[in-house]
Amino acid sequence: MSRICGKDTKPEEIVCKYLFSKGFRYRKNDKRLPGKPDIVLPKYKTVVFVNGCFWHKHEDCKYFVWPKSNPEFWKDKIERTVERDKEKIAELIASGWHVFVIWECQLKPVVRETTLQGLCKEIKCLYTVKDLHAEYQSSMGVIEWQGWLMKELPDDLQCSLSLDEKVEKERE
Ligand SMILES: [Zn+2]
């Protein structure tokens, strides 16, 4: 698969560099966690997978196309990867991790800044509301980027809310 940012910059490195520049500290490819997540942010109990659109079958993405030659082989291989991804993510969520999936296409130069800004904002947002809503963690599903909106977050926890206001309300 072609790399998106010159020869040496892997997609996960783009994300790492950005997070680092914003003051986040992380571990890479932590083998102790299910699925060996690309990026682990222990302080935020958050992991980030940076998935190639082809290998991980990004649905409805123009970068995912079934290969014409050897279709049986590819179908088997890719479907197995997708199954494994699902299992690992479920395991992570079950043990209380927040799971973000960023797709390679969301790191294309024209959308990269939006994706990464959104990611940082959402990680911090999760952290801020975490203590207020204990049940929220366990009910949370996978967070996939849809632009910069999170489709899995309950409405009342959308980051567009003023968090300070929310905190105030909880204290009353
Ligand atoms: Zn994609």
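What is the mean pLDDT of the chain, and what percentage of its residues reach 70 or more? In this predicted model, the mean pLDDT of the chain is 77, and 68% of its residues reach 70 or more. Two stretches fall under 50: residues 1–8, for which the model has nine contacts beyond four places in sequence, and residues 130–172, for which it has 37 such contacts. Where pLDDT is low, the predicted coordinates should not be read in detail.

**Overall arrangement**

The chain contains five helices and six strands, and their order along the sequence is α-β-β-β-α-β-α-α-β-β-α. Of the 172 residues in the chain, 25% are buried. Among contacts with a separation of 6 or more, 60% join residues that are 24 or more positions apart.

**Strands β2, β3 and β4**

Strand β3 pairs with β2 in the antiparallel sense over three bridges, while six bridges join β3 to β4 in a parallel arrangement. The strands β2 and β3 form a hairpin with four residues between them, and Lys45, which lies in the turn, has a positive phi of about 45 degrees. Thr46 of β3 takes part in both pairings, since it stands opposite Leu41 and has His98 of β4 as a bridge partner. Elsewhere in β3, Asn51 stands opposite Trp103 in β4. Between these two parallel strands, the chain passes from β3 through α2 to β4, and the resulting β-α-β crossover is right-handed.

How many of the six residues of β3 are buried? Six of the six are, so β3 is largely enclosed by the rest of the structure. In a regular strand the side chains alternate between the two faces of the sheet. Both faces of β3 are covered, with Thr46, Val48 and Val50 buried on one side and Val47, Phe49 and Asn51 buried on the other. Strand β4 is also mostly covered, as five of its six residues are buried.

**Nonpolar core and helix α1**

The largest nonpolar core has 24 residues, and those with the most contacts inside it are Val15, Ile39, Leu41, Val47, Val48, Val99 and Ile102. Two or more residues of this core come from each of α1, β2 (39–41), β3 (46–51), α2 (71–94), β4 (98–103) and α3 (109–130). In soluble globular proteins, nonpolar side chains tend to be buried together.

Helix α1 spans residues 11–21, and its buried residues are Pro11, Glu12, Ile14 and Val15. These residues cover an arc of only 155 degrees around the axis, which puts them on the same side of α1. On the other side of α1, Lys17, Phe20 and Ser21 are exposed. Val15 therefore belongs both to the buried residues of α1 and to the residues with the most contacts inside the largest nonpolar core. Just after α1, Gly23 takes a positive phi of about 90 degrees.

**The loop between β3 and α2, and Arg84**

Most residues other than glycine have a negative phi, and most peptide bonds are trans. Against that background, Lys57 has a positive phi near 55 degrees, and Asn70 has a positive phi near 60 degrees. Both Lys57 and Asn70 are placed in the loop between β3 and α2. The table sets out the C-beta neighbours of these two residues, together with those of Arg84, which lies in helix α2.

| Residue | Other C-beta atoms within 10 Å | Class |
|---|---|---|
| Lys57 | 17 C-beta atoms | partly exposed |
| Asn70 | 10 C-beta atoms | exposed |
| Arg84 | 13 C-beta atoms | partly exposed |

Why does Asn70 count as exposed? A residue is exposed if 12 or fewer other C-beta atoms lie within 10 Å of its own, and Asn70 counts as exposed because it has 10 C-beta neighbours inside that distance. Arg84, with 13 other C-beta atoms within 10 Å, is partly exposed. The C-alpha atoms of Arg84 and Pro34 are separated by 10.0 Å, although these residues are 50 residues apart along the chain.

Technical notes
Residues are numbered from 1 along each chain as its sequence is written. This is a predicted model: local features need pLDDT of at least 70, side-chain atom pairs count only at pLDDT 80 or more; totals for chains, interfaces and linings use all residues. A residue is buried if 20 or more other C-beta atoms lie within 10 Å of its own, exposed if 12 or fewer, and partly exposed in between; C-beta atoms are placed from the backbone. The arc is that of the directions from the helix axis to the C-beta atoms. A nonpolar core is a set of buried Ala, Val, Leu, Ile, Met, Phe, Trp, Tyr and Cys residues joined through C-beta atoms within 7 Å. pLDDT is the predictor's confidence in each residue, from 0 to 100. Two residues are in contact if their C-beta atoms, placed from the backbone, lie within 7 Å. Two strands pair if DSSP finds at least two bridges between them. A crossover is right-handed if, with the strands pointing away from the viewer, the path from the first strand over the helix to the second runs clockwise.
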